[in-house]
Amino acid sequence: MMTETINLGKALNHGLRRALENDPKVVIMGEDVGKLGGVFRITDGLQKDFGEDRVIDTPLAEAGIIGTAVGLAIRGYRPVCEIQFDGFVFPAYNQIVSQVAKMHYRSKGNVRLPIVIRIPFGGGIGAVEHHSESPEAYFAHTPGLKVVTCANPADAYSMIQQAITSDDPIVFFEPKRRYWEKGAVDLDAPLSGAFPLHAARVARPGSAATLLAYGPMVKVALDAAAAAAEDGRDLEVIDLRSLSPVDYPTIFESVKRTGRAVVVHEAPGNLGLGAELAARITEECFYSLEAPVLRVTGYDIPYPAARAEEEYLPDLDRVLDAVDRAFGW
């Protein structure tokens, strides 16, 4: 067992390296992923070790990246596409929704597109316009796509490998503000023993209320639970991990025990993941609920300028305020 303490970005790098080693049909493609190693250095050193035919610097053309990946996947390759920043994915949106998501269905199951689309997402890094978006609901809404996101280095390492080995197209969201946060990762762990890709994880057990979060907001939820514990409130935190499909049984079991649920995500609240979760929880857990399902989200405005982003992003105080409201109902 070779456990190392590494940051989330390095864990993704190790996971991509292992995928390239294990399957010669895996190729990585995107803007600056080769010689530069990506703007966040997630692919650092991979082109040097695997060559320009396996780690491919593409033109600045997101639609071209995904369109090329469709052709490669049809011919038996497993493309891993990097979209450099979340706000850059929209030129490729047509390819993803019209081709990637529908090819398996359109071909009556005869054609699979094992494509992974990596997208750094969320705010908190002081970036300029188009560099701090949370577009996950667009893709989770689309039948034919699977959508996942990691929240810690150990999950980053295993989940990126699981996504690449999947025969389904997967949109893989990476919480860019967490790239530099460290955790223990077992680099020798066999993938067969990894936590299931589309299962939610109880990040902190509790009994008084359930906090549901994913990606960059898992840490905020855990911090809120730690703060609430000082006031005698025992909050359970669930890291969703998979946004489509959602692991509803794990969520329902928790909420039926705790009687309260608060959903936290950076994306705007209107028609976000929190709305769907609230509807499903209300439908399934109605007689167990002590309060309405509450949401703590980004505001329904375009992402603000960097100096104002901390006023926009859900934080500890907003989560604890929602918990207070849930208990005061």
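Before we look at any single residue, let me fix one term: a residue counts as buried under 20% relative accessible area, as exposed over 50%, and as partly exposed in between. Please also keep in mind that what we have here is a predicted model.

With that term in hand, let us start with Asp32, which lies in the loop between β2, residues 26-30, and α2, residues 46-50. Asp32 has a relative accessibility of 34%, and because this falls between the two limits, Asp32 counts as partly exposed. The backbone deserves a look here as well, since Asp32 has a positive phi of about 65° although it is not a glycine. The loop between β2 and α2 also holds Arg41, where phi is again positive, near 65°, in a residue other than glycine. Is Arg41 buried, exposed or partly exposed? Its relative accessibility is 43%, so Arg41 counts as partly exposed.

While we are on the backbone, let me point out the peptide bond that joins Ser244 and Pro245, which is cis, with omega at about 0°. Pro245 sits in the loop between β12, residues 242-244, and α9.

Now let us turn to a pair of helices. The axes of α1, residues 8-22, and α7, residues 153-165, come within 8 Å and cross at roughly 30°. Angles under 35 degrees count as roughly parallel, and therefore α1 is roughly parallel to α7. The crossing in which α1 passes α7 is right-handed. If you would like to find this contact on the screen, α1 brings residues including Leu8, Leu12, Leu16 and Ala19, while α7 brings, among others, Ala156, Tyr157, Ile160 and Ile164. Taken together, the residues of this contact divide into 10 nonpolar, 3 polar and 1 charged.

Staying with α7, we also find Gln162 in this helix. Gln162 counts as buried, because its relative accessibility is 11%. What does Gln162 touch, once residues up to four places away in sequence are set aside? The answer is Leu191, Ala194, Phe195, Pro196 and Leu197.

Next, the interior of the model. The largest nonpolar core has 44 residues, and those with the most contacts inside it are Ile66, Ile115, Phe139, Ile251 and Ile281. Among the elements that give two or more residues to this core are the helices α3 (62-74), α4 (93-100) and α10 (273-285), together with the strands β5, β7 (170-175) and β13 (261-268). Let us take Ile115 as an example: leaving aside neighbours within four places in sequence, Ile115 is in contact with residues including Ala69, Val70, Ala73, Val100 and Ile170. There is also a second, separate core of 32 residues, which includes Ile6, Ile42, Val55 and Leu197. You have already met Leu197, as one of the residues that Gln162 touches.

Finally, I would like to show you His130, which is found in the loop between β5, residues 116-121, and α6, residues 136-140. His130 has a relative accessible area of 43% and is therefore partly exposed. Apart from neighbours within four places in sequence, His130 is in contact with Phe85, Asp86, Gly87 and Phe88. How far apart are the C-alpha atoms of His130 and Pro302, two residues that are 172 residues apart along the chain? They are separated by 9.8 Å, and with that pair I will stop and take your questions.

Note on methods
Residues numbered from 1 in each chain as written. Predicted model: local features only at pLDDT ≥ 70, side-chain atom pairs only at ≥ 80, totals over all residues. Heavy atoms only, no water. Axes fitted to C-alpha atoms, helices over the stretch in contact; angles between N-to-C directions. Helix = DSSP H or I, 4+ residues; strand = E, 2+ residues; numbered from the N terminus. Parallel < 35°, antiparallel > 145°, perpendicular 65-115°, else oblique. Left-handed = near helix turned anticlockwise from the far one by under 90°. Contact = heavy atoms within 4.5 Å. Nonpolar A, V, L, I, M, F, W, Y, C, P; charged D, E, K, R; others polar. Buried < 20%, exposed > 50% of the residue type's maximum accessible area, 1.4 Å probe, protein only. Core = buried A, V, L, I, M, F, W, Y, C linked by side-chain atoms within 4.5 Å.
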